[in-house]
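Colleague: I have this one open on my screen and would like to go through it with you. Could you start with how you label things?

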Amino acid sequence: MGETVNLDGLFEDVACVKLVPGITPLERGPLLDSGARLWVKRDDLTGLGAGGNKVRKLEFLCGAAVAAGAKSLVTVGAGQSNHCRMTAAAGALLGLEVHLVLSGERPGHLEGNQLLDALFGAQMHFTGEPDHHWGALEIVRESVTDGLVGDGLEPYSIPIGGSTAVGALGYISGYLELSQQLFENGVNASAVVHTSSSGGTHAGLVAGQAICRAAGLPAPPVIAIGVAKGVVIGSPDVAALANEALSMLPNRPPGIEVVVDDVVVDGNWLGKNYAVPTDEADEAIRWAAQRGGWVLDRVYSGKGLSGVLGRAASGEWTSGDDVVFIHTGGVPSVFATDGIPPL
Ligand SMILES: Cc1ncc(COP(=O)(O)O)c(C=O)c1O
């Protein structure tokens, strides 16, 4: 490795509230059948509100909300949205009223993430829309936001998944943290694989990779396993979102840019649609539980790991390769109906 660039001060003057208590563990996992070594970055352990990837985004989203003097947060997601649950927890912590626009009808009995949404005191707006009708859900978010403006509640309104450039900053910081851990463990990883649905985690990771590459730090390529049709067909434009996030960091090393080739989305593990279980994900969930004691879910991380196992089995990573899987969370949905695969 050549000379490294000092990245202290990268996030200086960027609004942020501390929500992740420390760095999340990078665990050395088992060898895959192909002989490759699995590493698991435990972003299910980000702490706040039962954890998950969105806490990293919310550090910057809530930072922006507080800086803008917001009194409330509005966001949107599928009925069992992890992002909504973590936003509810962040709002509770920061004393902001939280409104969640959710797919589906109000169930007679709350479970999984919805149970926690209610526990955190969020107001839940059930739209009756199916899970993947993202456009229709966004329109309701806009109207709920307008209503709160009218009521003087000064909302900070967050699009689906928190996947704005501000939200993506959380995974620039997440990639830098991982790069440092790889350096400390002497691991030259072949890839960093994660689950992607609204694209913001991916945008932050590739932006972080570009920074680490420019700074002479470990910068393995990022592979997103798409679990929603939008990201699989290229929406959002991850490179553009990543570059917008980079532009928010005035102290970034000069000349860095995310290019289209940095953005790799593998849509082969989605199955029929968002949140429709697949046999491969169910198998990956059992594998992770029984080989590492990890809890994965059927909507996100199970499909993500099925991509790692499937790509390794096809010969992409073999003996001598190290592959990092970012466990992005989703654990509470395991406690909703049909949350775990048949045993
Ligand atoms: C558990 C889990 N993993 C991965 C993702 C995907 O993150 P993103 O929406 O930033 O693509 C989500 C999004 O909600 C999630 O809840």
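Modeller: Helices (H or I, at least four residues) and strands (E, at least two) are DSSP runs, numbered from the N terminus. In that numbering Glu 154 sits in the loop between α4 and β6, and please keep in mind throughout that this is a predicted model.

Colleague: Okay, Glu 154 then. What is phi doing at Glu 154?

Modeller: Phi of Glu 154 is near 35°, which is a positive value in a residue other than glycine. As for its surroundings, Glu 154 has a relative accessible area of 40%, and it therefore counts as partly exposed, given that this class lies between the 20% and 50% cut-offs.

Colleague: Which residue does Glu 154 form a salt bridge with?

Modeller: The partner of Glu 154 is Lys 71, and the closest N and O atoms of the two are 3.2 Å apart. Glu 154 belongs to the loop between α4 (134–150) and β6 (155–157), whereas Lys 71 belongs to the loop between α1 (54–67) and β3 (72–77), so the salt bridge ties together parts that are 83 residues apart in sequence. Lys 71, with 43% relative accessibility, is also partly exposed.

Colleague: How many salt bridges does the count come to?

Modeller: The count comes to twelve salt bridges. One of them joins Glu 177 and Lys 41, whose closest N and O atoms are 2.6 Å apart. Glu 177 lies in helix α5 (residues 165–185) and Lys 41 in strand β2, so this pair ties together parts that are 136 residues apart in sequence.

Colleague: Are Glu 177 and Lys 41 buried or exposed?

Modeller: Glu 177 and Lys 41 are both buried. They also belong to a network of salt bridges that links Lys 41, Asp 43, Arg 56 and Glu 177.

Colleague: Where does Arg 56 sit?

Modeller: Arg 56 is in helix α1. Its relative accessible area is 4%, and Arg 56 is therefore buried, since that class takes in values under 20%. Measuring from C-alpha to C-alpha in the model, Arg 56 and Lys 18 are 9.1 Å apart in space, although 38 residues apart in sequence.

Colleague: And what about Arg 141 and Glu 138, where do they lie?

Modeller: Both lie in helix α4, three residues apart, which is about one turn of the helix. Their side chains meet in a salt bridge with an N to O distance of 2.5 Å. Arg 141 has a relative accessibility of 10% and counts as buried, and Glu 138, with a relative accessible area of 15%, is buried as well.

Colleague: Switching topic to voids. How many cavities of 30 Å³ or more does a search of the whole structure find?

Modeller: The search finds one such cavity. The largest cavity holds about 40 Å³ of space.

Colleague: Which residues line the largest cavity?

Modeller: The lining consists of Leu 38, Val 40, Ala 288, Trp 294, Leu 296, Leu 305, Phe 325 and His 327. By type, these residues divide into seven nonpolar, one polar and no charged. Strands β2 (37–42) and β10 (322–327) each supply at least two residues of that lining.

Colleague: Now the surface. Which residues make the nonpolar patch?

Modeller: Val 232, Ile 233 and Val 265 make a nonpolar surface patch of about 250 Å². Within it, Ile 233 is exposed, with a relative accessible area of 73%, and Ile 233 is placed in the loop between α7 (229–232) and α8 (238–247).

Colleague: I want to check the backbone too. Which peptide bond is cis?

Modeller: The peptide bond from Ser 235 to Pro 236 is cis, with omega near 5°. Pro 236 is in the loop between α7 and α8.

Colleague: What is phi of Ala 275?

Modeller: Phi of Ala 275 is near 70°, again a positive value in a residue other than glycine. Ala 275 lies in the loop between β9 (265–266) and α9 (279–292), and at 25% relative accessibility Ala 275 counts as partly exposed.

Colleague: Last one: where is Ala 313?

Modeller: Ala 313 lies in helix α10 (residues 301–313), and it is exposed, with a relative accessible area of 69%. The C-alpha atoms of Ala 313 and Val 295 are separated by 22 Å, and along the chain the two are 18 residues apart.

Note on methods: Residues are numbered from 1 along each chain as its sequence is written. This is a predicted model: local features need pLDDT of at least 70, side-chain atom pairs count only at pLDDT 80 or more; totals for chains, interfaces and linings use all residues. Side-chain values use heavy atoms; hydrogens and water are left out. Patches are made of residues with over 30% relative accessible area and no salt bridge: like charges are joined within 9 Å, nonpolar side chains (Val, Leu, Ile, Met, Phe, Trp, Tyr) within 5 Å. Accessible areas come from the Shrake-Rupley method with a 1.4 Å probe; for residues, only the protein chains shown count as cover. A salt bridge is a side-chain nitrogen of Lys or Arg within 4 Å of a carboxyl oxygen of Asp or Glu. Buried means under 20% relative accessible area, exposed over 50%, partly exposed in between (1.4 Å probe, protein chains only). On a 1 Å grid over the protein atoms alone, a cavity is a set of points where a 1.4 Å probe fits but cannot get out, and a pocket is an open set with protein on both sides within 12 Å along at least five of seven lines; lining residues have an atom within 4 Å of a point. Grid points are joined across faces, edges and corners, and a volume is the space filled by probe spheres set on the points. Ala, Val, Leu, Ile, Met, Phe, Trp, Tyr, Cys and Pro count as nonpolar, Asp, Glu, Lys and Arg as charged, and the others, Gly among them, as polar.
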